[in-house]
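Below are some notes on the model, set out point by point. Please read them with the structure open.

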Protein chains: 2
Amino acid sequence: MQNSEAMALSAALLAVAGGLTQRINEGVIARGFEGVRPAHGFAFARLAPDGATVTDLAAHLGVTKQAASQLVDEMVRKGYAERRPHPEDARARLVVLTGRGWACTRAAEEAAAEAVREWGDVLGEREVRALGEQLLRIAPRGPIRPAW
Amino acid sequence: MQNSEAMALSAALLAVAGGLTQRINEGVIARGFEGVRPAHGFAFARLAPDGATVTDLAAHLGVTKQAASQLVDEMVRKGYAERRPHPEDARARLVVLTGRGWACTRAAEEAAAEAVREWGDVLGEREVRALGEQLLRIAPRGPIRPAW
DNA sequence: CTCGATGGTCAAGCTGCTTGACCATATAGT
DNA sequence: ACTATATGGTCAAGCAGCTTGACCATCGAG
């Protein structure tokens, strides 16, 4: 494969990723969750299962813990998360989603499903499913980093 | 397809996109082009064929023309681009890549090819090619937007 | 029961973007 | 030809989100 083809593939991937991010963000806002930015989505994803500490979150997002703490401040202020004392470590605080936070997470899933359904209209559901499996196999581990 | 599956697909796509961006950026820097940020890559892509005006660039990147102008300032300062008088419009200036700018573009293509080759090791070249075609078919038009 | 490591916050500063104002040139209307 | 409006571009100020640096509280190994 020539370099220029690899670049075209990369550009298409990044364009799809950018468009998807925008679609999800707009979909979430359209469902009544104001003041939400794409960066919050990745925080939600990390907090959803059982909550997480600020330091965990920072590592997951690939930013400093100060930045993660500010993000949590904002999510708390907007009613999506709350800080609780950590059950096993008095230094730490466990950040967990509120009911509104869970609702916002579901809204994001709905918006994502909407976008993915449109891909299905173009490619067929079978190909979309295959696409998902392939992407999972080449997805890097480590912190989630902004695409640019 | 369930919403949670669509979300998993989306997360994988964004993770791949973020990792790819980082790989390309690091690859470009490793090839001796310092002070280059991912955002520059999309500017290079727009400038490469025949140059572009600041306003074109702004529309392509989805930012204000002031922001695009600052980006061009930076690229000029670092030797990647230069401003020329526009041949057909005395108001406008045509921003074109310098030799160093072209070299940097080729370095980005090499870095992208490197990353894509690793995908080929995992998925097989046939699937990677199919992936590229599918992504092209679902890629949105309009300005390139950061993935988050 | 110290003492280095770790979780967290406060404060200050930087960078890349935005909005607002403005000038120069192009283009359409009369 | 002449004004009026639109368009390309820049300057300036402000803001949001991140960083670095300093610091305190608590943990856990010796």
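1. B:Leu123 belongs to helix 5 of chain B, residues 99-123; helices (H or I, at least four residues) and strands (E, at least two) are DSSP runs, numbered from the N terminus. With 8% relative accessibility, B:Leu123 counts as buried, where buried means under 20% relative accessible area, exposed over 50% and partly exposed in between (1.4 Å probe, protein chains only).

2. Leaving out residues up to four places away in sequence, B:Leu123 touches A:Gln134, A:Arg137, A:Ile138 and B:Val128; contact means heavy atoms within 4.5 Å. B:Gly79 is 44 residues from B:Leu123 in sequence and 39 Å from it in space, C-alpha to C-alpha.

3. On conventions: this is a predicted model, in which local features need pLDDT of at least 70 and side-chain atom pairs count only at pLDDT 80 or more, while totals for chains, interfaces and linings use all residues. Residues are numbered from 1 along each chain as its sequence is written, chains are lettered from A and ligands numbered from 1 in the order in which they are written, and side-chain values use heavy atoms, with hydrogens and water left out.

4. Over all chains, the structure holds four aromatic pairs. Rings of Phe, Tyr and Trp (its six-membered ring) pair if their centres lie within 6.5 Å; planes under 30 degrees apart count as stacked, over 60 as edge-to-face and the rest as tilted. The pair A:Phe33 and A:Tyr80 is tilted, because the ring centres are 6.3 Å apart and the planes at 45°. A:Phe33 sits in the loop between helix 1 (3-30) and helix 2 (38-47) of chain A, and A:Tyr80 in the loop between helix 4 (65-77) and strand 1 (81-85) of chain A, so the pair ties together parts 47 residues apart in sequence.

5. A:Tyr80 is buried at 3% relative accessibility. A:Phe44 and A:Tyr80 form an edge-to-face pair, because their ring centres are 5.8 Å apart and their planes at 80°. Ring pairs thus join A:Phe33, A:Phe44 and A:Tyr80 in a cluster.

6. Which residues are closest to DNA strand C? They are A:Lys65, A:Ser69, A:Arg91, B:Thr64 and B:Gln66, among 19 residues that surround the strand; a residue is near a molecule or strand if one of its heavy atoms lies within 4 Å of it.

7. A polar side-chain atom of A:Arg83 lies 2.9 Å from a phosphate oxygen of DNA strand C, and one of B:Gln66 lies 2.5 Å from a base oxygen of that strand.

How values were computed: A polar contact is a pair of N or O atoms within 3.5 Å; within protein, one must be able to donate a hydrogen and the other to accept it, and residues adjacent in sequence count only if both atoms are side-chain atoms.
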